[in-house]
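Colleague: Could you take me through one part of this structure in close detail, and then show me how the rest compares in kind? I would enjoy a connected account rather than a list.

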Amino acid sequence: MSYALQLSVHTRAFDCSRKSRRKRRTRHLQILCSSTSIPEQGQQKDDDNGRRVQGQPHVILVERYGNGSAKRYMLDAEWQVQMIIAEHGSVDNRFQGSHLSNASLSWLPETVKDFIFPAGFPGSVSDDYLQYMLLQFPTNVTAWICNTLVTSSLLKACCFNSGHYFASAVGVGSFSGTSAAASAAAIRWVSKDGIGALGRLFIGGRFGNLFDDDPKQWRMYADFIGSAGSIFDLTTQVYPAYFLTLASLGNLAKAVARGLKDPSSRVIQNHFAISGNLGEVAAKEEVWEVSAQLLGLGFGILVLDTPGLVRSYPVLGSTWLSIRLLHLWLRYQSLSVLRFNTINLKRARMLVKSHVLYSTVPGYVDCNKEENILSLERFMKPRIIFGVPLEEMVGGEKSVSKVKTLLRIYAKEKYILTMNQVARNIEIFISFKVEATSVSVLRSVWQTYWLHEKSESINDLFDNLSQSLLEMEDRFEDFLKQLDAAGWDTHQLNLKVPKEISIDELSPV
């Protein structure tokens with residue numbers, strides 16, 4: 001019996017094309033090994049069925065270069081090693097995979113690639129890295145253009161009425177001494193920054209558990225809130241007497257936006273760092289951001305130098321609004337190309353609904369494309385409410401029979417689920433037991449969608465609950481197998497068990 005083994009390792013080699021110096025480059029070495037021993041001279045080799053035929057060249061090694069080209073080492077009929085150089089357009093499809101993005105950037109000099117991409121790119125990062133970064137760059141450029149226009153409005157508000165300086169703008173014109181006026185102005189300016197810092201403190205302390213579940217959503221909302229903060233800054237030019245109030249509100253909104261942005265960006269960077277190179281991914285992203293900042297500031301200065309723009313507030317405001325809308329659209333597009341293979345509650349809903357209705361699950365690429373980044377959990381149907389007290393689940397009635405029935409139905413599950421009819425909509429109440437895990441949350445979502453899609457009436461509540469559990473018992477294993485086959489990470493679910501209320505069964509009923 002023969003088999004083939006393919007190994008991929010990183011090696012260091014020297015490019016000697018230039019005699020003046022040696023340049024070290026990263027190469028990917030792929031080795032094809034066969035368990036069949038080398039036959040003696042004249043011996044007939046096996047055919048088809050995965051084995052070699054006598055006289056046919058046999059690839060024993062492929063040396064891959066960073067520019068997408070490759071060198072094949074082949075063993076001919078006389079057992080002599082031959083070298084064949086393949087350009088990046090003609091490399092064997094078996095060896096392409098993640099190297100396609102590298103081949104498409106073959107026109108880029110190696111020094112530039114090393115400067116802007118992590119070492120080992122593209123194999124050291126996820127497949128969506130390049131597309132995301134290419135969209136992030138113009139997004140950051142437009143952000144810095146907007147920032148330049150906003151700064152212009154702030155400075156104009158600081159010196160209004162042709163000659164009043166910053167001290168009068170913040171309300172310290174009555175101070176007799178210049179030093180006292182400057183000190184008071186500095187105190188109020190720092191107070192404005194302090195208010196913004198409180199916003200970041202609140203976000204980090206209160207909402208720190210949100211970002212791992214849905215970083216795309218919170219990164220988008222960060223830009224919305226930051227845009228609102230910039231609007232406050234722009235209005236300081238119209239109402240300079242309220243400069244401190246408006247600037248403080250703007251700073252607070254932008255600080256809240258930064259509090260949402262930074263943790264979300266860390267999660268996205270961690271998604272890219274498939275080789276454990278989070279620090280390098282973050283550093284290279286900084287290179288892209290600073291480059292976009294310099295370009296954006298340059299464009300912003302050109303916009304401000306446009307005749308008539310700085311003197312007309314309506315023109316300035318409409319210019320800012322146009323560029324900001326373009327920025328938000330680019331941000332949405334960049335987040336839309338991200339392909340997370342982890343399962344959060346939003347993606348779990350999509351996967352479960354597909355399996356309940358059609359007995360199939362979409363792959364993580366298709367699911368991420370269909371995912372609505374802006375949708376909030378509370379507005380999704382059916383509405384699921386986690387951590388509901390048992391008294392509310394049984395309708396406020398202290399009925400021993402209802403409690404016993406629920407405990408009996410969910411004796412084998414790590415949660416208790418029931419339904420409530422509100423007008424034409426159905427609400428699902430779920431409470432988790434002490435030993436519940438992320439899989440328990442996924443099971444409860446599967447049962448929720450079966451009840452929502454399959455149950456005909458809520459009148460026979462307990463019968464529907466029992467039937468849904470029987471269906472889940474029969475089909476949930478198939479659901480998990482399909483998730484694995486579609487490329488989803490089922491070992492690390494981003495489905496957190498609410499800890500506000502938990503049920504601890506002390507004795508059977």
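Modeller: Happy to! A word on burial to begin with: a residue counts as buried when its relative accessible area is under 20%, as exposed when that area is over 50%, and as partly exposed in between. By that cut-off Asp 233 is buried, because its relative accessibility is 2%. Please keep in mind that this is a predicted model, and that what follows is read from its atoms.

Asp 233 is a good way into the part I would like to look at, the pair formed by helix 6 and helix 7. The side chain of Asp 233 meets that of Lys 254 in a salt bridge, with 2.4 Å from N to O. The two residues sit in separate elements, Asp 233 in helix 6 and Lys 254 in helix 7, and the bridge links parts of the chain that are 21 residues apart. The partners differ in their cover: Asp 233 is buried at 2%, whereas Lys 254 is partly exposed, since its relative accessibility is 28%.

Now to the helices themselves. Two packed helices are described by the angle between their axes and the distance between the axes. Here the axes of helix 6 and helix 7 come within 7 Å and cross at roughly 160 degrees. Angles over 145 degrees count as roughly antiparallel, so helix 6 is roughly antiparallel to helix 7. The crossing of this pair is left-handed.

Helix 6 covers residues 215–235 and helix 7 covers 243–272, with Tyr 242 in the loop between them. Tyr 242 is exposed, because its relative accessibility is 54%. Together with Val 238 and Tyr 239, Tyr 242 forms a nonpolar patch on the surface, and the three have about 330 Å² of accessible area together.

From Ser 227 we can step across to another element. The C-alpha atoms of Ser 227 and Leu 325 are 9.4 Å apart in space, although 98 residues separate the two in sequence. Leu 325 belongs to helix 9, which spans residues 313–336, and Leu 325 counts as exposed because its relative accessible area is 51%.

The bridge between Lys 254 and Asp 233 has company, as the structure holds 13 salt bridges. One of them brings together the side chains of Glu 427 and Arg 383, at 3.4 Å from N to O. This one links two strands: Glu 427 is in strand 8 (residues 425–433) and Arg 383 in strand 6 (residues 383–386), 44 residues apart. Glu 427 is buried, since its relative accessibility is 14%, while Arg 383 is partly exposed on account of its 35%.

Another bridge joins Lys 414 to Glu 435, where the closest N and O atoms are 3.9 Å apart. Lys 414 is in the loop between helix 13 (400–409) and strand 7 (415–422), and Glu 435 is in the loop between strand 8 and helix 14 (438–454), so this bridge ties together parts that are 21 residues apart in sequence. Both ends are partly exposed, Lys 414 at 34% and Glu 435 at 41%. There is also a network: salt bridges that share partners join Lys 216, Arg 347 and Glu 371.

A few backbone details deserve a look too. The peptide bond from Lys 381 to Pro 382 is cis, with omega near -5 degrees, and Pro 382 is placed in the loop between helix 11 (364–370) and strand 6. Another cis bond runs from Phe 121 to Pro 122, with omega near 10 degrees. Pro 122 is in the loop between helix 2 (110–116) and helix 3 (129–158). Ser 359, which is not a glycine, has a positive phi of about 60 degrees. Ser 359 lies in the loop between helix 10 (345–358) and helix 11, and counts as partly exposed because its relative accessibility is 38%.

Lastly, towards the later part of the numbering, Glu 473 is placed in helix 15 (residues 461–485). Glu 473 is exposed, given its relative accessible area of 55%. Its C-alpha is 9.7 Å from that of Arg 443, and the two residues are 30 apart in sequence.

Conventions:
Residues numbered from 1 in each chain as written. Predicted model: local features only at pLDDT ≥ 70, side-chain atom pairs only at ≥ 80, totals over all residues. Heavy atoms only, no water. Patch = residues over 30% accessible without salt bridge, like charges linked within 9 Å, V, L, I, M, F, W, Y side chains within 5 Å. Areas by Shrake-Rupley, 256 points an atom, 1.4 Å probe, with all protein chains shown as cover. Salt bridge = Lys/Arg side-chain N within 4 Å of Asp/Glu carboxyl O. Helix = DSSP H or I, 4+ residues; strand = E, 2+ residues; numbered from the N terminus. Buried < 20%, exposed > 50% of the residue type's maximum accessible area, 1.4 Å probe, protein only. Axes fitted to C-alpha atoms, helices over the stretch in contact; angles between N-to-C directions. Parallel < 35°, antiparallel > 145°, perpendicular 65-115°, else oblique. Left-handed = near helix turned anticlockwise from the far one by under 90°.
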